[in-house]
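Ready for some practice in reading a protein structure? Try each exercise on the view below, then compare your reasoning with the worked solution.

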Amino acid sequence: MDADTTNATDEYGIPIIPDPSDNAQRKRQAIIDAAVAEFLAEGYSAASMDTITARSGVSKATIYKHFGNKERLFLAVIGGILPKTYAGLEPCNSTLAQAPDLRAALIGLAGDFATVLLRPDIMSLRRLVIGEIDRFPQLGQLWYRVTYDMNNGPLTEAITELGRLGRLDVPDPELAAQQLIAATVGVLQLVRTFAPDSEIDRAELTRVVTSGVDLFLARYAVPPTS
């Protein structure tokens, strides 16, 4: 692997790791799985390359051959899984604008979003990125972009369309989208970020999300004409 390939990064500063040949794919995946488990459990500084080596079942030389060093390994594996955190969430920009019952649609959307983001694996990843944000700001920038592209952006488009249709009065659709997320998902996410063992059952999730949606609609919904 030449120096240019070893040092290549994308627009966020995340290492670009070339795809391995077929016979190296199994080793690459074993390294990634072992590294993710170790970094989530220990953070960056305390993570042990010896432990990653033992868990992966490959040699340390092989790990360095694929990823270069510990820092690039961390950035590559964590940066690689960040875009997958929103898998399964459908863009809302078309369905939301056409929903006959906007309140129910917003409650369903925010509830689905919260269910995904409160998963233990995603919350562990969130805490890891927050904890390492000063050392690796590029991970924070990447997560922000993924969040916007997968949720905030489509939600802003949907709110803009709802305003055009006269169902919402929204002077600033992007701000309104941020407020909706903060009042629903953000409340639950904040609790789980700093109190990982807190219990948030389905009833509590629904209560918080419904209250947040009602707050949003109290500000932006256009009253029906008589």
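**Exercise A**

Find out which helices the buried residues of α9 pack against.

*Solution.* The buried residues of α9 pack against α6 (102–117), α7 (120–131), α8 (137–164) and α10 (202–220). Here, helices are DSSP runs of H or I with at least four residues, numbered from the N terminus. Buried means under 20% relative accessible area with a 1.4 Å probe, protein chains only, and packing or touching means heavy atoms within 4.5 Å.

Next, find the residues that do this. The buried residues of α9 include Ala176, Ala177, Leu180, Ile181, Ala183, Thr184, Val185 and Leu188. Pro173, Gln189, Arg192 and Thr193 are also among them.

Before you go on: this is a predicted model, with local features needing pLDDT of at least 70 and side-chain atom pairs pLDDT 80 or more, while totals for chains, interfaces and linings use all residues. Residues are numbered from 1 along each chain as its sequence is written, and side-chain values use heavy atoms, leaving out hydrogens and water.

**Exercise B**

Work out how far α9 reaches from its first C-alpha to its last, and where α9 bends.

*Solution.* Begin with the residues: α9 runs over 173–194, which gives 22 of them. The expected span is 1.5 Å times one less than the number of residues. For α9 that comes to 32 Å, and the helix reaches 30 Å, close to the expected value.

Now look along the helix. At glycine 186, α9 bends by about 50 degrees. The bend is the angle between axes fitted to the seven residues ending there and the seven starting there.

For another helix, try α6: its 16 residues should span 22 Å, and the end C-alpha atoms are 22 Å apart, so the two values agree.

**Exercise C**

Decide why threonine 184 counts as buried, and list what it touches.

*Solution.* Place the residue: threonine 184 sits in helix α9. Threonine 184 counts as buried because its relative accessibility is 0%.

Then look at its surroundings. Leaving out residues up to four places away in sequence, threonine 184 touches Ala110, Val208, Val209, Gly212 and Val213. Ala110 is itself one of the buried residues of α6.

Finally, check the side chain of threonine 184: one of its polar atoms lies 2.7 Å from the backbone oxygen of leucine 180.

**Exercise D**

Is phenylalanine 216 buried or exposed, and which residues does it touch?

*Solution.* Phenylalanine 216 belongs to helix α10. With 5% relative accessibility, phenylalanine 216 counts as buried.

Compare sequence with space next. Phenylalanine 216 and alanine 176 are 40 residues apart in sequence, and their C-alpha atoms are 8.0 Å apart. Alanine 176 is also among the residues that phenylalanine 216 touches, together with Leu106, Ile159, Leu168, Leu180 and Ala221, if residues up to four places away in sequence are not counted.

**Exercise E**

Which residue caps the N-terminal end of α6, and which helices do the buried residues of α6 pack against?

*Solution.* Start at the end of the helix. Aspartate 101 is the cap: one of its side-chain oxygens lies 3.3 Å from the backbone nitrogen of arginine 103.

Then move along α6. Its buried residues are Leu102, Leu106, Ile107, Ala110, Gly111, Phe113, Ala114, Val116 and Leu117. These buried residues pack against α7, α8, α9 and α10.

To finish, link this with the earlier exercises: Leu106 is touched by phenylalanine 216, and Ala110 is touched by threonine 184.

Terms used
Helix = DSSP H or I, 4+ residues; strand = E, 2+ residues; numbered from the N terminus. Buried < 20%, exposed > 50% of the residue type's maximum accessible area, 1.4 Å probe, protein only. Polar contact = N/O pair within 3.5 Å; in protein donor to acceptor, adjacent residues only side chain to side chain.
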